[in-house]
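Q: I have a new model open on my screen and would like to learn how to read it. Could we go through it together, one feature at a time?

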Amino acid sequence: MSSAIFNPAILIPVFNHEHAIQDTLEEVLKYGFPVLLVDDGSDASCAEVLQALTQKNADSVTLLRLPNNGGKGAAVKAGLRKLFTMGMSHGLQVDADGQHNLADIPKFIKKGKAQPRALIAGHPQYDDTISNGRLYGRYLTHIWVWINTLSFAIKDSMCGFRLYPVPDMVSLLEAESCGDRMDFDPEVIVRWHWRNGKIINIHTKVNYPTDGVSHFKLLHDNVLISWMHTRLFFGMLVRLPRLLWQKF
């Protein structure tokens with residue numbers, strides 16, 4: 001893939017974020033890239049907001065509406081496949097709730113243009129809006145990811161602020177199963193690493209709005225993430241000789 005065909009788009013999965021998505025979209029549009037909104041089966045009030053925003057910005061915004069709520073991972077997967085059909089080379093995933101520092105979009109794009117086959121991953125720098133429970137829970141996942149990759153190449157496996165090379169990522173998704181909910185972000189980057197895909201980590205500030213809407217279901221998503229780590233651990237054991245060989 002050469003820089004001549006580098007044509008990125010912004011991918012925003014949305015589920016009932018009708019109060020935050022307008023500000024997020026307005027900020028994203030400042031950078032001049034096409035935007036794909038993926039409505040993950042939102043309620044009518046959010047669906048109406050997304051329809052209005054798409055009509056208002058018809059030259060820049062495409063709306064992909066999923067019939068049912070499948071989870072963040074399902075929405076991102078559907079969005080990447082849609083970007084592939086649109087001929088986009090890269091998809092920059094941005095959360096709808098405004099927790100990402102969108103001023104860093106040029107940094108991700110610049111790095112992706114220089115390294116078009118790499119996955120550019122956000123490495124969050126948190127402020128005091130993150131709770132201790134959320135912070136320590138993330139580190140528990142990071143430890144499992146480091147075990148399952150035998151590597152520290154992935155600095156943060158849960159940050160959704162990422163630039164994906166679309167054709168390579170769609171190829172991965174067609175070949176391998178990844179979670180549909182909050183387990184998607186850590187699982188897909190581990191499987192990318194297993195394929196010897198290059199990962200570049202970029203520091204980026206993350207804050208959690210005090211009035212933000214979280215769709216993380218404490219019991220359900222923690223069970224899914226635990227099951228994901230179990231699957232990945234046994235997947236790592238199967239790939240152990242190759243993973244060790246890649247280190248030399």
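A: Happily! Let's start with charge: Lys and Arg count as positive, Asp and Glu as negative, while His and the chain ends are not counted. Please keep in mind that this is a predicted model.

Q: How many positive and negative side chains does the protein have, and how far apart do the centres of the two sets lie?
A: There are 26 positive and 24 negative side chains. The centres of these two sets lie 10 Å apart.

Q: Which secondary structure elements should I look for in the protein?
A: You will find nine helices and seven strands. For the overall build, compare the radius of gyration with the globule rule: the protein has 17 Å, close to the 18 Å given for 248 residues, so it is as compact as a globular protein of that length. Along the principal axes, its C-alpha atoms fill a box of roughly 55 × 45 × 35 Å.

Q: What can I say about burial, contacts and surface?
A: A residue counts as buried when its relative accessible area is under 20%. Here, 50% of the 248 residues are buried. Among contacts with a separation of 6 or more, 80% come from residues 24 or more positions apart. The accessible surface is about 11,800 Å², and carbon and sulfur atoms make up 57% of it.

Q: How many aromatic pairs does the structure hold?
A: The structure holds four aromatic pairs. In reading a pair, look at the angle as well: planes over 60 degrees apart count as edge-to-face. One of the pairs is Trp-144 with Phe-233, with 6.1 Å from centre to centre and 80° between the planes, so edge-to-face is the right label.

Q: Which parts of the chain does the pair of Trp-144 and Phe-233 tie together?
A: Trp-144 sits in helix H5 (residues 132-149) and Phe-233 in helix H8 (residues 218-238), so the pair joins parts that are 89 residues apart in sequence. Phe-233 also pairs with Phe-234: their ring centres are 5.7 Å apart and their planes meet at 75°, so this pair is edge-to-face too. Together, Trp-144, Phe-233 and Phe-234 form one aromatic cluster.

Q: How accessible are the members of that cluster?
A: Trp-144 is partly exposed at 34% relative accessibility, and Phe-233 is partly exposed at 28%. Phe-234 reaches 51% and counts as exposed.

Q: Is Thr-141 buried or exposed?
A: Thr-141, in helix H5, has a relative accessible area of 6%, so it is buried. Setting aside neighbours within four places in sequence, its contacts are Ser-157, Met-158, Pro-186, Ile-225 and His-229.

Q: Where can I see a non-glycine residue with a positive phi?
A: Try Asn-16, whose phi is about 55° although it is not a glycine. Asn-16 lies in the loop between strand E1 (8-14) and helix H1 (21-29), and it is buried, with a relative accessible area of 17%. Asn-196 also has a positive phi, near 65°. Its place is the loop between helix H7 (184-194) and strand E7 (199-206), and at 57% relative accessibility Asn-196 is exposed.

Q: How far apart are Asp-43 and Asn-16 in sequence and in space?
A: They are 27 residues apart in sequence, with 6.3 Å from C-alpha to C-alpha. Asp-43 belongs to the loop between strand E2 (35-40) and helix H2 (44-56). With a relative accessible area of 45%, Asp-43 is partly exposed.

Conventions:
Residues numbered from 1 in each chain as written. Predicted model: local features only at pLDDT ≥ 70, side-chain atom pairs only at ≥ 80, totals over all residues. Heavy atoms only, no water. Helix = DSSP H or I, 4+ residues; strand = E, 2+ residues; numbered from the N terminus. Rg over C-alpha atoms; globule rule 2.2 N^0.38 Å. Buried < 20%, exposed > 50% of the residue type's maximum accessible area, 1.4 Å probe, protein only. Contact = heavy atoms within 4.5 Å. Areas by Shrake-Rupley, 256 points an atom, 1.4 Å probe, with all protein chains shown as cover. Charge placed at Lys NZ, Arg CZ, Asp CG, Glu CD. Phe/Tyr/Trp six-rings, centres within 6.5 Å; stacked < 30°, edge-to-face > 60°.
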